[in-house]
Amino acid sequence: MKIILDAPSSVPLYVQIAAGVRGALARGELESGERLPAARSLAEVLDVNLHTVLRAYAELRDEGLIDLRRGRGATVVAPAGTGHAEVLARARALVDAARRLGMGRERLFALVEEVL
Amino acid sequence: MRRRLLALAPAALVAVAIVPWALGWARLPDPVATHWAFDGTPDGSTPRVVAVLLAVVPAVFGWVALARLAIRDDAAPGTVAPVAGVTALLATLFAGTAPLTVLANLDAVAAGAAAGVGPLAVVGLIAPALLAGLAAARCARVLERPASDVDARDLPSAGLLVGQTAAWAGEGNARWPLLLAAAGAVAVVATLLAGESGVVWGGLLLASTVTVGLSRVEVVVGAGGLRAALGPFGWPVVRLTREQISHAEAIEVVPAQWGGWGYRGSLRLFGRAAIVLRGGPGLKVSTVDERILVVTVEDPQGAAGVLNDLVGASAPTGG
C-alpha cells in the first residue's frame, strides 16, 4: 500500500491519509482481509501525530471500509477495487453531460483543470 | 591494528588448549572424564590423548583460518565478518574444554571419580566463545571493501513532487515457520511426557516460540524512516531513521546469499542484517555508514521508490 500526502496543502492530514487508503483500495493495492499497518507504526514513519492517523482510521471504519478490533488492528473489509467503479461511473456521466452540450475535448479538460 | 589482532590473538587459544594439559598431565587419570550429565556427575570418558586433540586441533585450525582471513584485502561486504565470528566461536569453544576438563579430572583416581561440572561451568565455556566470536567479527569488518556506489539514475523512485510526503506499508509472509513451530510443540509434549529434564523441553518451547515470529514481517516506510516488525506480536522491531538511510533498492533475495532463512546477521555487530522469510523480491536499504538491511516483502519497488524520494537519493522531480 502506498499513500502520498501533500504537506503544504490546506487539506487536513487525516483527510489526506484516509483518501490515501481509499485510493490504495481502489487501485487494488489492498485486498479484503489484509491488515493495515498499526496506527502507531504509520504515525511513526509518516512523522505525524498518532491521533491524526487514528482519526483517519476512525473515518474509514465509519464508512465501513475497514474494521478496527483490539489486538487484531485495522483490517480491510471492503473488496479490492472499491471506489474505482464509482469514480468511473461519474466520469462517464461527466463525459455524457459534456457531449450533450457539444463541449469539445479541450474545453472539457480545461474545465476539469479549473476544478482540480 | 584490527588486522594484526585477528591474525595474532588466536595464538592465545592454542595456549589455552595446551597449557592446562601440559601442567596437569602427571595428575590426570587415563581415560579422563569428558562428558557430564545434567546433574553434574561424569558419565562419559575418552583417552587423554583424544581429549587433548579435541582442544588443540580446533584451536590451531582456528588460528590458521583467522590468520588467512586477516591477509585478505578485498572481500565482498558481509562475507568475512560472519565467517571470522563463527570460526573464532568454535575454536574458543573447543579450546575452552581444556581448562575445564583438566580441572575436573585433576587428582582423580579414575574418570568416574572426576569432579562434577555444573551448569555454571557450561556458562564459563560458552560466554568466552561468544565474546571471541563477536570480537573476531568486529575486527573482520575492516577487511571488507565498502559497498559500491550506486548510480542515482538506477534507483527506484515513487515520482514524488517537491512538498509531497508518502508512506508505504507492506509485508512478507511464510508458512514454513508455523509448520516448524508445530513440530516443535509436538516435540515439547513428547519430551515432557518422557520425563526429560526441564532444560530439554524448555529449550524446545523457547525455540518453537521464536520460530513463530518468523512467519510474518510488517514493514512501514515514510518520512520518519523504516520500521520492520517481526511476528504476530509485532516484536522485535528493527528501526532505521530517515537520517540513517542512504538509499534503497529492490532486489531478488536468494536465502543462501544472506545466510539462510530467518533473522540473519546483526546491524550492530556485523553491519549487515537480513530478515529472510522466503526467497524472492526483497527491499535492500543501505545506511549512510554503509550498513545493510534486507527484508523480504511484496512490492519492494514501491517501498524503495518512496524511501529514495524522501531521503533525496533518487534524481529529484520538479514541483
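This is a guided tour of a predicted model with a chain A and a chain B, told as a series of selections to make in the viewer.

**Stop 1: where the chains meet**

Begin by colouring chain A and chain B differently, and then select the residues at their contact, to which chain A gives 18 residues and chain B gives 21 residues. Between them the two chains bury about 1600 Å², and 53% of that area lies on carbon and sulfur atoms. On the side of chain A, select K2(A), E44(A) and V45(A), since these are the residues that lose the most area to chain B, together 32% of what that side buries.

Now look for the polar links across this interface, where 8 residue pairs are in polar contact between chain A and chain B and where 2 salt bridges are found. Show the side chains of E44(A) and R239(B), which form a salt bridge with a distance of 2.7 Å from N to O. Which elements of chain A give two or more residues to the side that touches chain B? They are strand 1, residues 2-6, and helix 2, residues 39-46. If you colour the touching side of chain A by residue type, you will find 12 nonpolar residues, 1 polar residue and 5 charged residues.

**Stop 2: a sheet built from both chains**

Keep strand 1 of chain A selected and add strand 3 of chain B, residues 164-173, because the next thing to see is how these strands pair in the antiparallel sense over 5 bridges. Within this pairing, K2(A) stands opposite W168(B) of strand 3.

Next, extend the selection to the whole sheet, which is an open one of 5 strands in the order 1(A)-3(B)-4(B)-5(B)-6(B), with antiparallel pairing. At its edges are strand 1 of chain A and strand 6 of chain B, residues 237-241, each of which pairs on one side only. From one strand to the next, the twist averages 10°. As you follow any one strand along its length, it may help to remember that in a regular strand the side chains alternate between the two faces of the sheet.

At the chain B edge, strand 5, residues 225-230, is joined to strand 6 by 5 bridges, and the two strands run antiparallel. Pick out A229(B) here, and opposite it, in strand 6, you will find V237(B). The loop between strand 5 and strand 6 of chain B holds P236(B), and the peptide bond leading from W235(B) to P236(B) is cis, with omega near 5°.

Before leaving this sheet, select helix 2 of chain A, which lies across strand 1 of its own chain and also across strands 3, 4, 5 and 6 of chain B, running at about 35° to strand 4 of chain B.

**Stop 3: a sheet within chain B**

Where does a second selection of strands lead? In chain B, an open sheet of 5 strands has the order 7-10-11-9-8, with mixed pairing. Strand 7 (245-253) and strand 8 (262-266) stand at the edges with a single partner strand each, so one side of each is left without a neighbour in the sheet. Neighbouring strands of this sheet are turned by 10° against each other on average, direction ignored.

For an example of parallel pairing, select strand 9, residues 272-276, and strand 11, residues 292-295, which are joined by 4 bridges; here A274(B) has V294(B) as its bridge partner. Helix 8, residues 300-311, lies across strand 7 and strand 10 of chain B, and runs at about 165° to strand 7. In the loop between strand 11 and helix 8 is D299(B), which has a positive phi of about 55° although it is not a glycine.

**Stop 4: a hairpin and two loops of chain B**

Move to strand 1 of chain B, residues 32-36, and strand 2 of chain B, residues 42-46, which run antiparallel and are joined by 4 bridges. H35(B) has G44(B) as its bridge partner, and among the 5 residues between the strands of this hairpin, G40(B) takes a positive phi near 100°.

Then step back to the loop between helix 2 and strand 1 of chain B, where P31(B) sits, and inspect the peptide bond from D30(B) to P31(B), which is cis with omega near 10°. End at D107(B), in the loop between helix 4 and helix 5 of chain B, whose phi near 65° is a positive value in a residue other than glycine.

How values were computed
Residues numbered from 1 in each chain as written. Chains lettered and ligands numbered in written order. Predicted model: local features only at pLDDT ≥ 70, side-chain atom pairs only at ≥ 80, totals over all residues. Heavy atoms only, no water. Contact = heavy atoms within 4.5 Å. Buried area = accessible area lost by both parts, 1.4 Å probe. Salt bridge = Lys/Arg side-chain N within 4 Å of Asp/Glu carboxyl O. Polar contact = N/O pair within 3.5 Å; in protein donor to acceptor, adjacent residues only side chain to side chain. Nonpolar A, V, L, I, M, F, W, Y, C, P; charged D, E, K, R; others polar. Axes fitted to C-alpha atoms, helices over the stretch in contact; angles between N-to-C directions.
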